[in-house]
Amino acid sequence: MKEKAISAVALALALAACGGGDAGSTATTDAAASTTASTTTTAPETTTTAPSTDTTLAGEPIEFGPAAGDELAVIGVAHDDVLNLRAGPGADQEIVAEIPNLSEGLVALGNTRDLGDSFWVEVDHEGTTGWVHFGFVGYVGVTDDMTASVVSQLGDGPVAETMLDIGLIVAETFASEEPASDVVLTVAPTVGDLGEVTYDVIGIDDDAVRGFRVHVFGQPADETFGLKAVEVTTLCGRGVTEDGLCL
């Protein structure tokens with residue numbers, strides 16, 4: 001297991017977008033694949049609608065963050081990693097469950113805490129209540145075909161030796177330099193009639209958009225892959241409208 005740290009600058013940017021934080025995964029990311037893998041949950045019978053005042057918990061309660069009942073998804077966690085659900089806020093707390101990457105349907109309980117260098121949110125996952133690192137959860141927005149836009153930006157359809165390479169070329173067109181985005185392989189490449197791979201691009205200069213999930217299709221030819229199609233899902237920080245747009 002490893003703990004993934006996020007700098008104070010990145011934390012401030014993430015907090016402004018209602019995201020942010022330290023580590024939540026465990027293939028060794030504690031701060032810590034299939035493109036459609038998801039986990040559906042229902043809200044627990046007991047919900048909390050105000051910031052927790054439990055003085056035994058680490059950090060301080062804050063009044064913003066996911067509202068009670070909001071459904072969140074795991075974002076920015078690698079394909080071979082998981083998001084840790086912990087007994088309390090903080091990477092030193094006991095792990096009560098491991099949430100697969102790309103899971104959806106985590107139900108926020110309305111409690112978010114500031115540990116000074118990270119933010120943690122209380123959620124219900126399949127009936128188990130615990131805390132996850134704020135930087136690894138968000139809202140799933142609309143999915144669009146971005147093939148033409150990517151080809152226009154690159155000047156031509158990219159060609160590469162592997163799906164990993166062509167996927168990375170495409171994913172980096174959605175990344176920002178300031179702040180520097182994290183580009184995370186969230187679905188390992190597969191090859192059949194078409195090749196497929198998915199990257200999450202997390203951390204861009206936008207207070208509503210946390211990043212993008214970039215699903216790339218490649219056409220095998222002569223031991224290389226040419227770009228076939230790009231589907232991009234927006235990952236939001238504050239919530240989504242009924243149309244899937246970031247709030």
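These legends walk through several close-ups of one predicted model. Residues are numbered from 1 along each chain as its sequence is written. Because the model is predicted, local features need pLDDT of at least 70 and side-chain atom pairs count only at pLDDT 80 or more, while totals for chains, interfaces and linings use all residues; side-chain values use heavy atoms, with hydrogens and water left out.

**View 1. The whole chain has 3 helices and 13 strands.** Helices (H or I, at least four residues) and strands (E, at least two) are DSSP runs, numbered from the N terminus. Of the 247 residues, 49% are buried; here buried means under 20% relative accessible area, exposed means over 50%, and partly exposed is in between (1.4 Å probe, protein chains only). The accessible surface adds up to about 11200 Å², and carbon and sulfur atoms account for 49% of that. Those areas come from the Shrake-Rupley method with a 1.4 Å probe, and for residues, only the protein chains shown count as cover.

**View 2. Cys236 and Cys246 are joined by a disulfide.** A search of the whole structure turns up 1 disulfide, meaning a pair of cysteine sulfur atoms within 2.5 Å. In this pair the S to S distance is 1.9 Å. The torsion about the S-S bond is about -75°, so the disulfide is left-handed. Cys236 sits in strand S13 (residues 224-236) and Cys246 in the segment after S13, so the bond ties together parts that are 10 residues apart in sequence. Cys236 is buried at 0% relative accessible area, whereas Cys246 is partly exposed at 22%.

**View 3. Arg213 and Asp200 meet in a salt bridge.** The count is 2 salt bridges, each a side-chain nitrogen of Lys or Arg within 4 Å of a carboxyl oxygen of Asp or Glu. Here the N to O distance is 2.7 Å. Arg213 belongs to strand S12 and Asp200 to strand S11 (residues 195-202), so the pair ties together parts that are 13 residues apart in sequence. Both partners are tucked away: Arg213 is buried at 11% relative accessible area, and Asp200 is buried at 0%.

**View 4. Arg238 pairs with Asp207 in a salt bridge.** The closest N and O atoms are 3.6 Å apart. This pair links distant parts of the chain, with Arg238 in the segment after S13 and Asp207 in the loop between S11 and S12, 31 residues apart. Arg238 is partly exposed at 34% relative accessible area, and Asp207 is partly exposed at 44%.

**View 5. Glu161, Asp165, Asp222 and Glu223 form a patch of negative charge on the surface.** A patch takes residues with over 30% relative accessible area and no salt bridge, joining like charges within 9 Å. Asp222 and Glu223 both come from the loop between S12 and S13. Glu223 is exposed at 76%, and Asp222 is exposed at 77%. Asp222 also has a positive phi of about 55° although it is not a glycine.

**View 6. Leu102 and Pro179 show off some backbone quirks.** Most residues other than glycine have a negative phi, and most peptide bonds are trans. Leu102 has a positive phi, near 75°. You'll find Leu102 in the loop between strand S4 (95-100) and strand S5 (104-114), where it is buried at 3% relative accessibility. The peptide bond from Glu178 to Pro179 is cis, with omega near 0°. Pro179 lies in the loop between helix H3 (163-171) and strand S10 (182-191).

Key:
Patch = residues over 30% accessible without salt bridge, like charges linked within 9 Å, V, L, I, M, F, W, Y side chains within 5 Å. Lys, Arg positive; Asp, Glu negative; His and termini not counted. Charge placed at Lys NZ, Arg CZ, Asp CG, Glu CD.
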